[in-house]
Amino acid sequence: MTMFSRFTPLLDQLPATVPFVGPEAIERNRGLAVKARIGANESGFGPAPSVIRAIADAAADTWKYADPENFELKQALAAHLGCRPENLAIGEGIDSLLGHIARMVIEPGTPVVTSLGAYPTFNFHVVGYGGRLVTTPYVNDREDLDGLLDLVRRDNAPLVYFANPDNPMGSWWDADSVVAFARALPASCLLILDEAYCETAPAGTTPPVDALLDLPNVMRTRTFSKAYGLAGARVGYVIAAEGNAKAFDKIRHHFGMARVSVAAALAALKDQAYLAEAIAAIGRSREKIAAIAAANGLAALPSATNFVAVDCGRDGTYARAIVDGLMEHGVFIRMPGVAPLNRCIRISAGRPEDMALLEEALPQVLKRLA
């Protein structure tokens with residue numbers, strides 16, 4: 001395959017890969033239809049009806065670019081969160097924002113600390129900018145705060161990534177522990193505190209917004225993709241000290257936000273009653289997943305997210321066979337990528353009809369693997 005001869009040496013060294021294989025690719029490659037889409041941590045419950053109406057109303061204005069300053073959305077978010085608009089940066093989902101943060105900090109060879117098996121898209125950005133990943137394993141299926149701190153100090157790392165609640169295990173730390181970890185970090189190390197699943201976490205998990213705003217070395221990332229049901233709209237935001245939030249203006253995509261997506265996010269913020277309904281539905285689905293797992297001799301791990309990690313009791317090969325076997329029945333799920341986490345499968349919360357398909361297919365798959 002021919003390729004342009006003057007790409008950067010770094011690009012030449014990178015693998016031609018993406019962090020995730022989407023269900024669409026699985027359908028194309030395997031000739032199978034996805035009937036229960038419960039693998040990508042989207043919300044099968046969808047956005048609020050009021051959000052759908054707002055999207056429809058905004059569609060006629062799609063010929064216009066969105067406001068490059070994201071003024072209205074920043075104002076609405078600030079009022080909702082109890083911070084100042086100047087403490088916010090808006091982007092095309094957390095994935096895009098993680099890429100911007102990596103660009104701000106990483107130079108070739110920069111050590112970057114994360115947990116072994118944590119969110120692979122962050123690693124994708126680190127490697128893409130020439131960073132050097134330094135990892136510590138999970139302890140009891142939870143990110144190891146002491147291990148992360150030790151690596152930051154050992155390698156004098158300028159960047160550390162920590163998700164609370166965690167993906168892919170669904171585990172979490174309490175807010176006091178998170179704040180203590182952030183305050184223990186050297187001032188020379190920037191913490192990315194990924195709070196994508198904060199809406200579905202138990203009370204006392206997420207630190208108050210103002211608890212970390214005085215720290216210039218903390219950036220908190222959040223999204224409308226999970227509980228709000230807007231994964232396809234790609235709306236994420238960063239909460240940070242004013243100088244950090246302003247730094248995004250130097251490198252962000254100023255016309256990157258879709259006008260329809262902004263309208264959707266504004267409507268979603270207004271409809272907090274629907275958000276409460278969606279969170280309750282996610283909770284019921286987590287309970288159903290745990291019950292299905294138990295009925296089949298598997299163990300669901302406690303979860304603070306919109307998915308459940310299910311311990312299959314063996315190794316990654318066995319878990320992969322379950323993932324592939326379920327796909328044969330049209331049930332799309334995923335699994336963690338590294339041992340020992342990959343003894344688990346990961347099932348997103350879904351609608352009752354999705355759970356019914358899972359409940360029917362899982363025992364058939366396990367019987368075939370026995």
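Where does Ala 40 lie? Select Ala 40 in your viewer and let's find out together. Keep in mind that this is a predicted model.

**Stop 1: Ala 40**

Ala 40 is in the loop between β1 (36-37) and α3. Now show what surrounds Ala 40. Not counting residues up to four places away in sequence, Ala 40 touches Lys 226, Phe 332, Arg 334, Arg 346 and Ser 348. Add Lys 270 to your selection as well: Ala 40 and Lys 270 are 230 residues apart in sequence, and their C-alpha atoms are 26 Å apart in space.

**Stop 2: the sheet**

Next, switch to a cartoon view and look for the strands. An open sheet of 7 strands runs in the order β2-β8-β7-β6-β5-β3-β4, and its pairing is mixed. Why do β2 and β4 (132-136) each have one side without a neighbour in the sheet? They stand at the edges with a single partner strand each, so one side of each is left free of a neighbour in the sheet. Direction ignored, neighbouring strands of this sheet are turned by 20 degrees against each other on average.

Select residues 159-163 and 190-194 to pick out β5 and β6, which pair in the parallel sense over 5 bridges. For one example of such a link, click on Phe 162: its bridge partner in β6 is Leu 193.

Now add a helix to the view. The helix α4 lies across β2, β7 (218-223) and β8, and runs at about 125 degrees to β2.

**Stop 3: the nonpolar cores**

Turn on the side chains of Leu 73, Leu 77, Leu 81, Leu 88, Phe 224 and Tyr 237. These are the residues with the most contacts inside the largest nonpolar core, which has 31 residues. At least two residues of this core come from each of α3 (49-59), α4 (71-81), β2 (88-91), β8 (236-240), α10 (259-270) and α11 (272-295). Which helix gives the most to this core? That is α10, with 7 residues.

A second, separate core has 30 residues, and you can find it by selecting some of its members, including Leu 97, Tyr 138, Ala 196 and Tyr 197.

**Stop 4: Phe 224 and its partners**

Go back to Phe 224 and centre the view there. Is Phe 224 buried or exposed? Phe 224 is buried, with a relative accessible area of 1%. Leaving aside neighbours within four places in sequence, its contacts include Leu 77, Val 235, Tyr 237, Ala 265 and Leu 269.

Tyr 237 is also worth a click: this residue is buried too, with a relative accessible area of 3%. Ring pairs link Phe 224, Tyr 228 and Tyr 237 into a cluster.

**Stop 5: a pair of rings at the start of the chain numbering**

The model has 8 aromatic pairs. Select Phe 4 and Phe 7, which form an edge-to-face pair, with 5.4 Å from centre to centre and 75 degrees between the planes. Phe 4 is exposed, with a relative accessible area of 52%, while Phe 7 is partly exposed at 34%. Compare the tilted pair of Phe 224 and Tyr 237, at 6.0 Å centre to centre with 55 degrees between the planes. Phe 224 lies in the loop between β7 and β8 and Tyr 237 in strand β8, so this pair ties together parts that are 13 residues apart in sequence.

**Stop 6: arginines over rings**

Select Arg 314 and Tyr 318: the arginine lies over the face of Tyr 318, at 4.0 Å from the ring centre. Then try Arg 346, which lies over the face of Phe 307 at 5.4 Å from the ring centre. You have already met Arg 346, among the residues that Ala 40 touches.

**Stop 7: backbone details**

Most residues other than glycine have a negative phi, and most peptide bonds are trans. Here are some places to check against that.

- The peptide bond from Asn 164 to Pro 165 is cis, with omega near -5 degrees; Pro 165 is in the loop between β5 and α8 (175-184).
- Ala 339 and Pro 340 are also joined by a cis peptide bond, with omega about 0 degrees. Pro 340 is in the loop between β11 (331-332) and β12 (344-348).
- Asn 140, in the loop between β4 and α7 (145-155), has a positive phi of about 55 degrees. Asn 140 is exposed, at 73% relative accessible area.
- Arg 234 has a positive phi near 60 degrees and is in the loop between β7 and β8. Arg 234 is partly exposed, with a relative accessible area of 30%.

Conventions
Residues numbered from 1 in each chain as written. Predicted model: local features only at pLDDT ≥ 70, side-chain atom pairs only at ≥ 80, totals over all residues. Heavy atoms only, no water. Core = buried A, V, L, I, M, F, W, Y, C linked by side-chain atoms within 4.5 Å. Buried < 20%, exposed > 50% of the residue type's maximum accessible area, 1.4 Å probe, protein only. Helix = DSSP H or I, 4+ residues; strand = E, 2+ residues; numbered from the N terminus. Contact = heavy atoms within 4.5 Å. Pairing = 2+ DSSP bridges. Axes fitted to C-alpha atoms, helices over the stretch in contact; angles between N-to-C directions. Phe/Tyr/Trp six-rings, centres within 6.5 Å; stacked < 30°, edge-to-face > 60°. Lys NZ or Arg CZ within 6 Å of the ring centre and 35° of its normal.
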